[in-house]
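The following exercises ask the reader to work from a sequence and a set of atoms to a description of a fold and its contacts. Please attempt each task before reading its solution.

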Amino acid sequence: MTDTQTAGPQATLTQPTDVFIDFLCPYAWRGVELAAVLRAGGEAFTLRHFSLVQGNHAENAGQAQSAWWLTDQPAGEGSEYQQGSLAAFLAAQAAARQGEDAAWNFALALFRARHEQGQPLNADTIQAAAAQAALDPERFAADLSDDAGLRATLRSDLQDAAEIGVFGTPTFVLPTGEAAYYRFENLTRDPAQARAWWDLYVTILRDGAGVATIKRARNRPARRA
C-alpha cells in the first residue's frame, strides 16, 4: 500500500484530491462546501477550474478537442455567462496568489454570494467576496491586472480538465486517479454528514463493481433536504 492509498475511505490521503469547479454551478458550490468542511478536518483538496460555458459552447459540440476556449474570450465580450465566468475564474486565480487558504476563502465567499444571495458574477460581487475573504486589496488589484498571467494559469487548468475528460462540476479527482462528477442536490456544512457523504462517494469510485453511472429514474428523483 503506497502513501496515496488507504485502508478505507475514512483514512486521510497524503496527496490532495483535485476538485474542478465552475462558479456558475450550484452543484459545484455544494461540493466545495463539503470539501471545505473536510479540509478543516485535515483532508487535502486543491481547487481547479473547468468552464461549463466552454464545455457547452456550440463550436465545441462533437469535437474531440475544444475549438473555442474561454481564455481566448476578450474581457467584456460574449454572453453574460461567458463574461461572468471568465471574470470569476481570473479573480480566483488572483486570490490563489495569496495562498491556499486565501483561495478557499475567496471561492466560498464568491459561491455563497452567487448561490445563497443571488448576486451576479460581476466586478462588484468579486470585490465584495475578496473583502469577505480578507484578501490584501492592493495585492489583489495588482494580481488582477496581470491578465495574461492569470489567463495562462486558467488555461492550464482547462487543459488538464480536458485531458481527464471533465464534463461537469464538481468533478473530484482522487490521488489514486479515479475521477467522477458528483451532483449534490443537498448542502451540508456538518462535519459528520460531510464525512459520510464523502466516504460513500469514494467507496463507489473504488468499488470492484466498477459503477460507471448512477442516474435516477425521472419519477424517482433524489431526496432534497
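Conventions come first, followed by five exercises with solutions.

**Conventions**

This is a predicted model, in which local features need pLDDT of at least 70 and side-chain atom pairs count only at pLDDT 80 or more, while totals for chains, interfaces and linings use all residues. Residues are numbered from 1 along each chain as its sequence is written, and side-chain values use heavy atoms, with hydrogens and water left out.

**Exercise 1. Describe the overall fold of the protein chain and decide how compact it is.**

Step 1. Assign secondary structure from DSSP runs, taking helices as H or I of at least four residues and strands as E of at least two, numbered from the N terminus. The protein chain has eight helices and four strands. Their order along the sequence is β-α-β-α-α-α-α-α-α-β-β-α.

Step 2. Compare the radius of gyration, taken over C-alpha atoms, with the globule rule, 2.2 Å times the number of residues to the power 0.38. The radius of the protein chain is 18 Å, close to the 17 Å that the rule gives for 225 residues, so the chain is as compact as a globular protein of that length. The C-alpha trace spans about 45 × 40 × 40 Å along its principal axes.

Step 3. Examine burial and contacts. Buried means under 20% relative accessible area, exposed over 50%, and partly exposed in between (1.4 Å probe, protein chains only). Of the 225 residues, 44% count as buried. With contact meaning heavy atoms within 4.5 Å, 73% of the contacts between residues at least 6 apart in sequence join residues at least 24 apart.

**Exercise 2. Characterise the surroundings of Asp22.**

Step 1. Locate the residue: Asp22 lies in the loop between β1 (17-21) and α1 (26-40).

Step 2. Search for a charged partner. Lys and Arg count as positive and Asp and Glu as negative, whereas His and the chain ends are not counted. A salt bridge requires a side-chain nitrogen of Lys or Arg within 4 Å of a carboxyl oxygen of Asp or Glu. Asp22 is buried but has no salt bridge, and the nearest side chain of opposite charge, Arg114, is 8.1 Å away.

Step 3. Search for other neighbours. The side chain of Asp22 reaches the backbone nitrogen of Leu52 at 2.8 Å. Leaving aside residues up to four places away in sequence, Asp22 touches residues including Phe50, Ser51, Ser85, Phe111 and Thr169.

**Exercise 3. Which parts of the chain does the salt bridge between Asp18 and Arg48 tie together?**

Step 1. Establish the pair: the side chains of Asp18 and Arg48 meet in a salt bridge at 3.1 Å, N to O.

Step 2. Place the partners. Asp18 lies in strand β1 and Arg48 in strand β2 (residues 45-49), so the pair ties together parts that are 30 residues apart in sequence. Asp18 and Arg48 are both buried.

**Exercise 4. Identify the salt bridges that Glu33 and Arg39 form.**

Step 1. Take Glu33: its salt bridge is with Arg112, and the closest N and O atoms are 2.7 Å apart. Glu33 lies in helix α1 and Arg112 in helix α4 (residues 100-115), so this pair joins parts that are 79 residues apart in sequence. Glu33 is buried at 1% relative accessibility, whereas Arg112 is partly exposed at 24%.

Step 2. Take Arg39: its partner is Asp101, with the closest N and O atoms 2.7 Å apart. Arg39 lies in helix α1 and Asp101 in helix α4, so the pair ties together parts that are 62 residues apart in sequence.

Step 3. Look for shared partners. Salt bridges with partners in common join Asp18, Arg48, Asp157 and Asp160 into one network. The count of salt bridges comes to 17.

**Exercise 5. Examine the backbone at Pro170 and Ala134.**

Step 1. Recall the usual case: most residues other than glycine have a negative phi, and most peptide bonds are trans.

Step 2. Inspect Pro170, in the loop between α7 (147-164) and β3 (171-173). The peptide bond from Thr169 to Pro170 is cis, with omega near 5 degrees.

Step 3. Inspect Ala134, in the loop between α5 (123-132) and α6 (137-144). Ala134 is not a glycine, yet has a positive phi of about 60 degrees. At 64% relative accessibility, Ala134 counts as exposed.

Notes: Polar contact = N/O pair within 3.5 Å; in protein donor to acceptor, adjacent residues only side chain to side chain.
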